[in-house]
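Please examine the following model with attention to its cysteines and to its nonpolar surface.

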Amino acid sequence: MDTDCLFCRIVAGEIPATIVRETATTLAFRDIDPKAPTHVLVIPKEHYADVATLAQGDPGLAGEVLAAAAVVAEDEGLLADGFRLMFNTGPNAGQEVFHVHAHVFGGAPLGPMLCR
């Protein structure tokens with residue numbers, strides 16, 4: 001755990017979050033500033049700065065994060081109409097919290113993938 005990391009503190013129960021799914025290794029919770037009708041963050045409980053570091057350091061855990069995201073999408077009723085799964089990696093991609101997290105977006109048409 002990184003004691004300065006917002007998401008590590010959520011995992012530790014120090015900061016409240018609206019949890020939608022939890023496994024032994026992952027946690028999924030609602031984003032506090034949602035960008036779509038459904039906006040859930042899926043994280044590994046173990047601290048990794050970004051998805052590249054996670055994939056290189058623990059590919060199995062990376063797979064668990066993806067599996068958890070798929071279950072969240074199903075539980076949220078997003079499979080029929082579709083959803084977007086997004087990882088921001090680094091400042092140029094808009095990563096704000098440097099604990100890897102997948103955004104699960106859905107519940108409405110999401111528009112183009114990138115804004116120009």
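The paragraphs below treat the cysteines, then a surface patch, and then a leucine beyond the strands named here.

This is a predicted model, and the structure holds zero disulfides. A disulfide is a covalent bond between the sulfur atoms of two cysteines. The cut-off applied here requires the pair of sulfur atoms to lie within 2.5 Å. For C5, the closest cysteine sulfur belongs to C8, at 3.7 Å, and the pair is therefore too far apart for a bond. The relation also holds from the other side, because the closest cysteine sulfur to that of C8 is the one in C5, at 3.7 Å. As to their surroundings, C5 is buried, with a relative accessible area of 6%, and C8 is buried as well, at 1%.

Attention may now turn to the surface. L66, L79, F83 and L85 make a nonpolar surface patch of about 330 Å². Of these residues, L66 is found in helix α3, which spans residues 59-75. The relative accessibility of L66 is 43%, so this leucine counts as partly exposed; a residue enters a patch with over 30% relative accessible area.

A further leucine, L114, is found in the segment after β5 (102-106). Is L114 buried or exposed? With a relative accessible area of 59%, L114 is exposed, since the term applies over 50%. L114 and V51 are 63 residues apart along the chain, and their C-alpha atoms are separated by 19 Å.

Notes: Residues numbered from 1 in each chain as written. Predicted model: local features only at pLDDT ≥ 70, side-chain atom pairs only at ≥ 80, totals over all residues. Heavy atoms only, no water. Buried < 20%, exposed > 50% of the residue type's maximum accessible area, 1.4 Å probe, protein only. Helix = DSSP H or I, 4+ residues; strand = E, 2+ residues; numbered from the N terminus. Patch = residues over 30% accessible without salt bridge, like charges linked within 9 Å, V, L, I, M, F, W, Y side chains within 5 Å. Areas by Shrake-Rupley, 256 points an atom, 1.4 Å probe, with all protein chains shown as cover. Salt bridge = Lys/Arg side-chain N within 4 Å of Asp/Glu carboxyl O.
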